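Work through the exercises below with the structure open beside you. Try each task before you read its solution.

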Amino acid sequence: MEKYIEIRNAVKSFGSVKALRGVSLTVKKGEVVLVIGPSGSGKSTLLRSVNRLEHLDSGEILIDGESVTDPNADIRHIREEVGMVFQSFNLFPHLTVIDNITLAPITVLKKTKDEAIDQARNLLAKVGLSDKEKAWPEQLSGGQQQRVAIARALAMNPKVMLFDEPTSALDPEMIKEVLDVMTELAHEGMTMLVVSHEMGFARAAANRIIFMDAGQIVEEAPPETFFTSPREERTRKFLEHIL
Amino acid sequence: MMKGSPLSGRDSKNPNQTTINVTDGTLIPIKDEGSLLSAWNISFFGAVALLVALPLLSPDPYLHILSFVPDGLVATFSVTLISIFFALLIGLFAGLGRISQKLFINRIATVYVEVIRGIPLLVQLFYIYYALGPLLRLKGPPAAILAMSICYGAYMAEIFRAGMQAIPRGQMEAALALGMSRSTAMRKIIIPQTIRIILPPIGNEFIALLKDSSLVSILAVSDLLRRGREYASTSFRYFESYTVIALIYLVMTLFFSRLVGMMEERLRHRGKVH
């Protein structure tokens with residue numbers, strides 16, 4: 001399989017705090033990679049570096065062979081192909097659900113309004129929210145907002161999706177509806193890099209689990225091996241806490 | 001001018017309610033005061049009743065005063081509206097400058113805001129009209145408008161800054177992640193949400209400016225206050241003249257503050273900002 005995301009020796013500090021201490025990771029096309037680790041381990045920083053919401057101090061990131069980290073990179077074009085879903089949803093509160101989804105296709109991809117609306121309706125059907133197209137974000141539950149956020153990201157026809165703790169801000173009963181959408185997406189062959197502690201999703205959809213601690217990758221393995229027989233002591237300690 | 005320190009208050013306990021309290025919030029009537037005898041009702045209808053009753057009961061001098069001052073009202077509103085327009089323009093750019101990451105632009109905008117807010121409006125009016133008079137050669141009204149615009153532009157800048165900073169960072173990040181440029185994100189995402197938050201404080205600035213416009217009477221502008229003074233000095237009816245002037249200002253500011261309050265209420269109901 002071809003490499004889709006290549007991270008080479010990523011280093012990033014915030015002041016005196018070292019968030020990433022030389023992380024290298026490759027995600028192949030169609031692969032679903034889950035990143036777990038304690039808070040402050042640098043997993044979100046790593047994810048946010050992939051579409052350059054964070055600038056690396058050193059190291060390189062390539063998406064489909066194109067450098068993201070090169071200062072001259074056409075980052076907007078790269079971002080069009082990299083969808084991102086945030087912990088806090090970040091829907092646009094002044095726009096209805098349908099407008100949230102169609103805004104970027106219309107302004108960035110220059111789609112016609114009709115085209116964008118057709119596509120948005122298909123995506124809303126896919127995430128199970130066809131009846132909510134005229135709703136305002138504040139009228140939706142957290143789980144529904146996050147599903148709209150996924151639809152909004154998919155409306156750009158991304159080749160890869162980044163998920164930054166997509167279920168951490170949700171009440172327990174809403175987590176499943178979001179994970180179901182993500183699992184379906186994984187089974188359709190979407191390339192996904194996911195920061196999450198959802199073990200159910202890991203078992204159902206992930207090809208690989210990456211365990212990060214203190215800005216470094218400690219261990220990586222397929223889900224079954226990872227959960228049943230982790231190699232590293234630090235991984236075992238962490239798993240004891242979350243399982 | 002009564003001004004509180006500009007602050008963007010996002011209530012951490014209730015993230016659904018973004019409020020920025022930039023000016024004297026007391027101008028906006030308190031919502032719960034629904035009763036007939038609310039402070040607003042007493043003040044507003046009391047003032048209106050006096051303005052109707054006094055000329056009826058004693059036409060001389062009240063009716064004369066009331067027919068003498070309307071030109072002043074026109075001048076007061078012209079100065080206020082033109083000044084608020086320019087103040088908004090200046091405020092938008094200075095506000096953008098205040099949040100600019102370019103140090104030079106940021107410094108210029110910040111110095112402007114600090115200097116202007118540190119000098120009383122009356123002193124600024126004197127400065128532009130008298131001190132810079134030989135240089136600018138401005139007549140009263142343009143000098144008044146220039147001074148008021150520059151002064152209020154600084155306060156507007158702080159409202160724009162606080163408003164834009166009250167928008168969560170995730171909004172810009174979500175827009176950028178979708179491939180939008182920074183300027184598209186500003187136009188489509190940040191500014192529309194900012195306007196919703198800053199409309200009430202801007203309404204308050206308008207009311208404050210309407211009141212402060214009385215200062216321009218010193219620069220030979222025939223505004224409401226000056227017309228009252230002209231009447232008083234020829235008729236020696238000081239008490240009656242200034243009573244009418246005070247009542248007219250009161251009716252106007254109370255009317256607009258109610259309007260701002262209603263606008264705030266409407267904005268709160270639809271399309272809340274996180």
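**Exercise 1: A helix in chain A**

The buried residues of α3(A) are A:Val97, A:Ile98, A:Asn100, A:Ile101, A:Thr102, A:Leu103, A:Ala104, A:Pro105 and A:Thr107. The model is a predicted one. Task: decide how far helix α3 of chain A is enclosed by the rest of the structure, and find what its buried residues pack against.

Solution.
- Step 1. Take the cut-off: a residue is buried when its relative accessible area is under 20%.
- Step 2. Apply it to α3 of chain A, residues 97–107: nine of the eleven residues are buried.
- Step 3. Conclude that α3(A) is largely enclosed by the rest of the structure, because nine of its eleven residues are buried.
- Step 4. Look for the partners. In chain A, the buried residues pack against α4 (113–126) and α5 (142–154). Chain B adds α9 to these partners.

**Exercise 2: The interface**

Task: describe the contact between chain A and chain B by residues and by area.

Solution.
- Step 1. Count residues: 24 of chain A are in contact with 24 of chain B.
- Step 2. Give the area: the two chains bury about 2,100 Å² between them. Carbon and sulfur atoms hold 63% of it.
- Step 3. Find the top contributors in chain A. A:Pro93, A:His94 and A:Glu138 supply 28% of the area that chain A buries against chain B, more than any other three residues.

**Exercise 3: A sheet in chain A**

Task: give the strand order of the open sheet in chain A, then examine the pairing of β1 and β2.

Solution.
- Step 1. Write the order of the four strands: β2-β1-β4-β5, with antiparallel pairing.
- Step 2. Mark the edges. β2 and β5 (66–67) of chain A are the edge strands, and each pairs on one side only.
- Step 3. Recall the rule: strands of a sheet pair through backbone hydrogen bonds, either parallel or antiparallel.
- Step 4. Take β1 (residues 3–14) and β2 (residues 17–28) of chain A: they pair in the antiparallel sense over nine bridges.
- Step 5. Check two bridges. A:Ile7 has A:Leu25 as its partner in β2(A). A:Lys12 has A:Leu20.
- Step 6. Inspect the turn. The hairpin of β1(A) and β2(A) has two residues between the strands, and A:Gly15 takes a positive phi near 60 degrees there.

**Exercise 4: Aromatic rings**

Task: classify the ring pairs A:Phe226 with A:Phe227 and B:Phe206 with B:Phe256.

Solution.
- Step 1. Start with the total: the whole structure has 13 aromatic pairs over all chains.
- Step 2. Take A:Phe226 and A:Phe227. Their centres are 5.5 Å apart and their planes make 90 degrees, an edge-to-face pair. Both A:Phe226 and A:Phe227 are buried.
- Step 3. Take B:Phe206 and B:Phe256. Here the centres are 5.1 Å apart and the planes make 80 degrees, again edge-to-face.
- Step 4. Place the second pair. B:Phe206 lies in α9 (residues 182–212) of chain B and B:Phe256 in α11 of chain B, so the pair ties together parts that are 50 residues apart in sequence.
- Step 5. Test for burial. B:Phe206 is buried because its relative accessible area is 14%. B:Phe256 is buried too, at 16%.
- Step 6. Widen the view: ring pairs link B:Phe77, B:Phe206, B:Phe255 and B:Phe256 into a cluster.

**Exercise 5: Two residues compared**

Task: work out the settings of B:Ser149 and B:Arg237. Is each one buried, partly exposed or exposed?

Solution.
- Step 1. Locate B:Ser149 in helix α7 (residues 140–165) of chain B.
- Step 2. Read its accessibility: 4%, so B:Ser149 counts as buried.
- Step 3. Follow its side chain, which reaches the backbone oxygen of B:Ile145 at 2.7 Å. Beyond four places in sequence, B:Ser149 touches residues including B:Phe86 and B:Tyr112.
- Step 4. Locate B:Arg237 in the loop between α10 (224–235) and α11 (238–269) of chain B.
- Step 5. Read its accessibility: 30%, so B:Arg237 counts as partly exposed.
- Step 6. List its links. The side chain of B:Arg237 makes a polar contact with the side chain of B:Glu240 (3.5 Å). The C-alpha atoms of B:Arg237 and B:Pro61 are separated by 7.8 Å, although their places lie 176 residues apart along the chain.

Notes. Residues are numbered from 1 along each chain as its sequence is written. Chains are lettered from A and ligands numbered from 1 in the order in which they are written. This is a predicted model: local features need pLDDT of at least 70, side-chain atom pairs count only at pLDDT 80 or more; totals for chains, interfaces and linings use all residues. Side-chain values use heavy atoms; hydrogens and water are left out. Buried means under 20% relative accessible area, exposed over 50%, partly exposed in between (1.4 Å probe, protein chains only). A polar contact is a pair of N or O atoms within 3.5 Å; within protein, one must be able to donate a hydrogen and the other to accept it, and residues adjacent in sequence count only if both atoms are side-chain atoms. Rings of Phe, Tyr and Trp (its six-membered ring) pair if their centres lie within 6.5 Å; planes under 30 degrees apart count as stacked, over 60 as edge-to-face and the rest as tilted. Two strands pair if DSSP finds at least two bridges between them. Contact means heavy atoms within 4.5 Å. Buried area is the accessible area (1.4 Å probe) that two parts lose on being put together, summed over both.
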